[in-house]
Amino acid sequence: MSSTSSISEFKPLLSQSVGYGVVVGVGFFFAGVMLVLTYLQSRYTNMSPRSSEEFTSASRNVKPGLVCCGIISAWTWSATLLQSSTAAYTFGISGPWWYGVGGTIQLAIFGMVAAKVKMNANGAHTFLEIVQVRFGTGPHLLFTFYGFLCNLVVCGSLLLGGSATVTALTGMNTDAACMLLPIGIAVYVLVGGLRATFICDWSHTVILFVIIYVASRFIFKTYGTSQETEGVSGLYDLLRAAAITTPVEGNQNGSYLTMKSNQGLVFGAATILSGFAGIFCDQGYWQRAIASHPTSTTKAYMLGGLSWFAVPFAFASCLGLAARGLSNNPKFPTYPSPLSASQTSAGLAAPAAAAVLMGKSGAVALLLVVFMAVTSATSAELIGVSSLFIYRTYFRPHAKGPEIVKVSHYFICFWAIWMGAWAVILNRAGVDLGWLFYVQGVVLSPAVIPVALTVSWGKLTKPAVILGPVLGAICGMAAWMIGCWKILGSINIVNLANPYSAVCSGLTGLLFSGIITVGLSLWQPAAYDFRGTRAIANLDSNKDEGVRRTSSSEDEKTEVTAVDENREVVLTVDGELVDISVLNRSFKRAAWYSLALTFIITILGKHHSRSLRLMCRQVPLPMFFSHYVYSKPFYIFWVSISIIWVLLSGVFSVLLPVWESRQEISAIIYA
């Protein structure tokens, strides 16, 4: 047993000093940069993070390019890079696609919810505030529990994935990495608030795409110049050889080059459930919807979802499959053994491939990419959880902007320390990134449908919004245990995070919660007109006869919600009149877009024309049922699609926010 353990040991390529230098040095360097940018924003624009509205919601006027970039950055967790690569390493070519599908569909559907937020609760700061205004204390406390539970799961995933990579590549102590990672992030969140996280998101996204693509570090090295893979053709041959030595159970011919993967399909279902839970219960995504300009909210989520898809699709298709093909290479960190089950679950497939392909430079590049993913997503979680704090709701109902900001600062400091301690507790308990990834959908899926309907469906009732999540959670827990026992033979920590048992629980919780919530509401429907949620006042000013001023200084713009006798709402943002009918059209566009996208990338059926049959080969379910194993030309075509997609996503995500902010940048430069 000990000999096996030593053979499977992941040999670090870098020294511990590099790990501490990145975690502490680079972390505080970026904190310093963000502080300077925040100062320039306060000095030369009319937006100050001392305003509660600016601190928590970025004054609700963030442009779509920056929101899109923020969505990409916030949704690019360590799991996006590491767990997707693990899926490619374990299941083959289907893993990265299903991981991308499992995040893109939810972003598209959440665009519909975001449109309803701007339409029915534009003055809100959190989804909990909407629940409290509409349904009162009981539902508010219930969804407060889900909000904090989601934040705990996400923070644990971020820090465990990031610290595991830092430890594997540098030998740095895992507990130290967990505690130190959040500290530098908390500094610029404290000073800059939500807008600082958007700016941070952009800088992190730039670095992410530079290292993945422009710097030719991973994709070009793997598919073009690496002597280890010998290009795309050589990697294809390595994967065919791997199917002979270590075939995948449930895949067509044991191949890594097929969408006919039973385990991959179940992984896709688990990813979709986990994605729904991670987006709809996470205040960070609601906060981006709240912060965006009313007329561009849906556009931002549409573009964000399509752009984000390229990250796991291209990154994992490259490094995850390279790790599998190179597992017998003498440079592989665990050679002559493959990665152990625990190393695979910890997300070490991508670090292993980077180490083989580029040695120390690859290790440094991957370390920076994962560090950027962790810090950016963590900043979104910190600002999100600070707004979830129930100080104003239950302790100081009449607290105004400056007091709210002060309390938010205290809570961010507390949570930065607590999330590090929480990650240490999970690590000591043997919980890793893979375990949390699957369990996320299990524990959070019962809240998804009720919280989405709260802002979008007038017939929803208070008993339904309470009983739906509670009874759904009970059914989900029962299905979790029974599924684990019947499918895997025993109930234990490892089996509970198996994709099959996770899907049993997550799907049961989601569907039963939705059926109960909708059924009870239709039995005795409410007739809510959203007047209450539309009248939510801002924190920096007093409501005066139907006029709500969001500014904390005379220089800031005024936002007005006016309700006429026909209950038609007109929003004024930066002097622009926006009729409710415009937001209704945005909602309908989001609905058609999300349905079309889901149909195209997951369900598109068989067609009889030759051109459409070729198109269907790019869509998972037809390829699954066709049992098709990629030929070398088709694999090269598949790789080309991933490269083109990530190139377009990178250019769009980096340049659009700069173009949209050209006037503000010019004002600072020429001031």
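This is a short dialogue on reading rings, charges, helices and burial in a predicted model.

Visitor: Let's start with rings. How many aromatic pairs are there?

Guide: Aromatic rings pair when their centres lie within 6.5 Å. Here the count comes to 32 aromatic pairs. Take Phe145 and Tyr146 as one example. Their ring centres are 5.5 Å apart, and the planes make an angle of 70°. That pair is edge-to-face, because planes over 60 degrees apart get that label.

Visitor: Are Phe145 and Tyr146 buried or exposed?

Guide: Look at relative accessible area. Under 20% is buried, over 50% is exposed, and partly exposed lies in between. Phe145 has 48% relative accessibility, so it counts as partly exposed. Tyr146 has 5%, so it is buried.

Visitor: What does the pair of Phe437 and Tyr438 look like?

Guide: Phe437 and Tyr438 are edge-to-face. The distance is 5.2 Å centre to centre, with 75° between the planes. Phe437 and Tyr438 are both buried.

Visitor: Which residues do ring pairs link into a cluster?

Guide: Follow the pairs from ring to ring. Trp97, Phe309, Phe313, Tyr630, Phe634, Phe637, Trp638 and Trp645 are joined this way.

Visitor: Now charges. Which charged end sits over the ring of Tyr89?

Guide: Find the end of the Lys or Arg side chain, then check what ring lies beneath. Over Tyr89 you find the charged end of Arg324, 3.9 Å from the ring centre. Trp485 has a charge over its ring too: the end of Lys486, at 4.5 Å from the centre.

Visitor: How do I read two helices together? At what angle do H5 and H16 cross?

Guide: Compare their axes. H5 covers residues 78-91 and H16 covers residues 349-388. Their axes come within 8 Å and cross at roughly 145°.

Visitor: Which residues of H5 and H16 meet?

Guide: From H5 come Ser78, Leu81, Leu82, Ser85, Thr86 and Tyr89. They meet Ala349, Ala350, Pro351, Val369, Val370, Ala373 and Val374 of H16. Sort this contact by type: 10 residues are nonpolar, three are polar and none is charged.

Visitor: One last residue. Where is Gly95 found?

Guide: Gly95 belongs to helix H6, residues 94-120. Its relative accessibility is 0%, so Gly95 counts as buried.

Visitor: What is Gly95 in contact with, leaving aside neighbours within four places in sequence?

Guide: Gly95 is in contact with Ala87, Ala88 and Phe267. Check C-alpha distances as well. Met259 is 164 residues from Gly95 along the chain, yet their C-alpha atoms are separated by 8.7 Å.

Conventions:
Residues numbered from 1 in each chain as written. Predicted model: local features only at pLDDT ≥ 70, side-chain atom pairs only at ≥ 80, totals over all residues. Heavy atoms only, no water. Phe/Tyr/Trp six-rings, centres within 6.5 Å; stacked < 30°, edge-to-face > 60°. Buried < 20%, exposed > 50% of the residue type's maximum accessible area, 1.4 Å probe, protein only. Lys NZ or Arg CZ within 6 Å of the ring centre and 35° of its normal. Axes fitted to C-alpha atoms, helices over the stretch in contact; angles between N-to-C directions. Helix = DSSP H or I, 4+ residues; strand = E, 2+ residues; numbered from the N terminus. Contact = heavy atoms within 4.5 Å. Nonpolar A, V, L, I, M, F, W, Y, C, P; charged D, E, K, R; others polar.
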